Amino acid sequence: MDVWIKRDDLTGFGFGGNKGRKLEYLIPDVLASGADTVITCGSIQSNFIRQLGAACSMVGVACVAVVMDKPYEFELPEGNGLRAESGNRLLGDILGIQWEVLPNGTWDTLFEALADCATALRAEGKVVYEIPVGGSTALGAYGFLQAANEIREAAFDAVVFASSSGSTHSGLAYGLHGTSTRVLGVACDPEPEIAEEFAALGQALAELVPLPIRLQPSDYSVDFRFVGAGYGIPSEAGQAALEYLAQREGIFLDPIYSAKAFAGLLEMARNGEIGGKVCFWHTGGTPAIFAQADAGHAQ
Ligand SMILES: *Cc1c(COP(=O)(O)O)cnc(C)c1O
C-alpha cells in the first residue's frame, strides 16, 4: 500500500491545521456582517478556537470562546486526557481570546451557554457573529469542497482523516463524489447521530454552492472503532500511531484527532479494508501534544 500524507498540519497560519481552510471563507463573512465580536464554543484545547483567535485578532474583531475542559456525550472517568493549560490554551491567551470557562458538562449544555453568552453580548451593544463548534457551517464545509480539488487528479483509492464536527467530511464527500476515491472519516467522538448531522451540513453546503446532488447519511462512511474512551481522551492505539509516525517519518500527529485517524488507517491496512494508493489527510492539531501530561506511551 502506498500512503501519501496531505500536510494541513503545515499550512502555517496560527500553527496550521484544517480549520484554516474553513476560516478562509468564514472570516470574510464575519467582516461582511459588520460584526465586532465573534463567539464560538468547544473544548479548552480546541484547535479551531486557536486558529479562529489568530484570524480574529488579525482583522480586529474580538474573539469570545465558551469552553469546557471536556464536553462529553457520555460521562467520562475523571483525570483522563489533556491538561487545561498549555497547548492551544496558552496560544489562545497569547492571541487575546476572551475565555468563558464552564465546568464540564454535555455538549448540549455548552451549546446553550454559547447562545446565552451571545444574547448577553448583544444586550451590551456588541454586534455578534456566532460560529458553531469546529467552524462547521456551510461556509466551513465549502473550504473542504475546494480542498478536494487539490487531490482529485491524484486519483487515490481512499482518503482517510479524523472526523468530528463534520465540515471536513461533508466538504470532502461532496468534492470527491463521483470519483473513485473513497472518503473514510475516522470518528473522534462517539455521538451515534454523527452521519445525520454531517448529511444535514452537506445539504446546507449543496444549497449554498449550489450543487445538483444531495448526499444521504448512508453516503457518509464514519468509522467509530477508533474513538477510544471518548472525545478529547487520547487512546492507546492513537498514542502508538503517534509514536510510530514520529519515529519513522519525523511527522507528529495530534493525540485527539489525527493520531486516532492514523491508528485507523494502520488497522484498516492490516485488515485489507484499504489498499492501493491512499491519502492520509493530516488535519493538524499538534499544539495539543504540549497539553499532554507525559508522552503517554502505549502500555
Ligand atoms: C477539528 C479537527 C478535526 C475534525 O474536523 P471537523 O471538520 O471538525 O470534522 C480533525 N483533526 C483536527 C486536528 C482538528 O482540529
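Trainee: In which loop is the place of Pro210?

Mentor: This is a predicted model, and in it Pro210 belongs to the loop between helix H7 (194-208) and strand S8 (221-223).

Trainee: What is omega for the peptide bond from Val209 to Pro210, and is that bond cis or trans?

Mentor: Omega is near -10°, and the bond is cis.

Trainee: What is phi of Phe15, and where is that residue?

Mentor: Phi of Phe15 is near 75°, which is a positive value in a residue other than glycine. Phe15 is in the loop between strand S1 (2-7) and H1.

Trainee: Turning to the ligand, what makes the pair with the side chain of Thr168 a polar contact?

Mentor: An N or O atom in the Thr168 side chain is 2.7 Å from an oxygen atom of the ligand. The cut-off for a pair of N or O atoms is 3.5 Å, so this pair counts as a polar contact.

Trainee: How do you know that Ser164 and Thr283 make polar contacts with the ligand?

Mentor: A backbone N or O atom of Ser164 lies 2.7 Å from a ligand oxygen atom. In the side chain of Thr283, an N or O atom is 2.6 Å from a nitrogen atom of the ligand. Both pairs count because they are within 3.5 Å.

Trainee: How much of the ligand's accessible area does the protein cover?

Mentor: The ligand has 380 Å² of accessible area on its own, and the protein covers 98% of that.

Trainee: In which pocket does the ligand sit, and which elements give two or more residues to the shell around it?

Mentor: The ligand sits in the largest pocket. The elements are helix H1 (19-33), strand S6 (158-163) and helix H6 (167-175).

Trainee: Which of the 16 residues around the ligand come nearest, and how does the shell divide by class?

Mentor: Lys19, Lys22, Ser165, Thr168 and Thr283 come nearest. The shell has two nonpolar, 11 polar and three charged residues.

Trainee: Why is the ligand said to lie between domain 1 and domain 2?

Mentor: Domain 1 (2-14 + 136-291) gives residues to the shell around the ligand, and domain 2 (19-135) does too, so the ligand lies between them.

Conventions: Residues are numbered from 1 along each chain as its sequence is written. This is a predicted model: local features need pLDDT of at least 70, side-chain atom pairs count only at pLDDT 80 or more; totals for chains, interfaces and linings use all residues. Side-chain values use heavy atoms; hydrogens and water are left out. A residue is near a molecule or strand if one of its heavy atoms lies within 4 Å of it. A polar contact is a pair of N or O atoms within 3.5 Å; within protein, one must be able to donate a hydrogen and the other to accept it, and residues adjacent in sequence count only if both atoms are side-chain atoms. Accessible areas come from the Shrake-Rupley method with a 1.4 Å probe; for residues, only the protein chains shown count as cover. On a 1 Å grid over the protein atoms alone, a cavity is a set of points where a 1.4 Å probe fits but cannot get out, and a pocket is an open set with protein on both sides within 12 Å along at least five of seven lines; lining residues have an atom within 4 Å of a point. A molecule sits in a cavity or pocket if more than half of its atoms lie within 2 Å of its grid points. Helices (H or I, at least four residues) and strands (E, at least two) are DSSP runs, numbered from the N terminus. Ala, Val, Leu, Ile, Met, Phe, Trp, Tyr, Cys and Pro count as nonpolar, Asp, Glu, Lys and Arg as charged, and the others, Gly among them, as polar. Domain bounds come from an automatic or database domain assignment.
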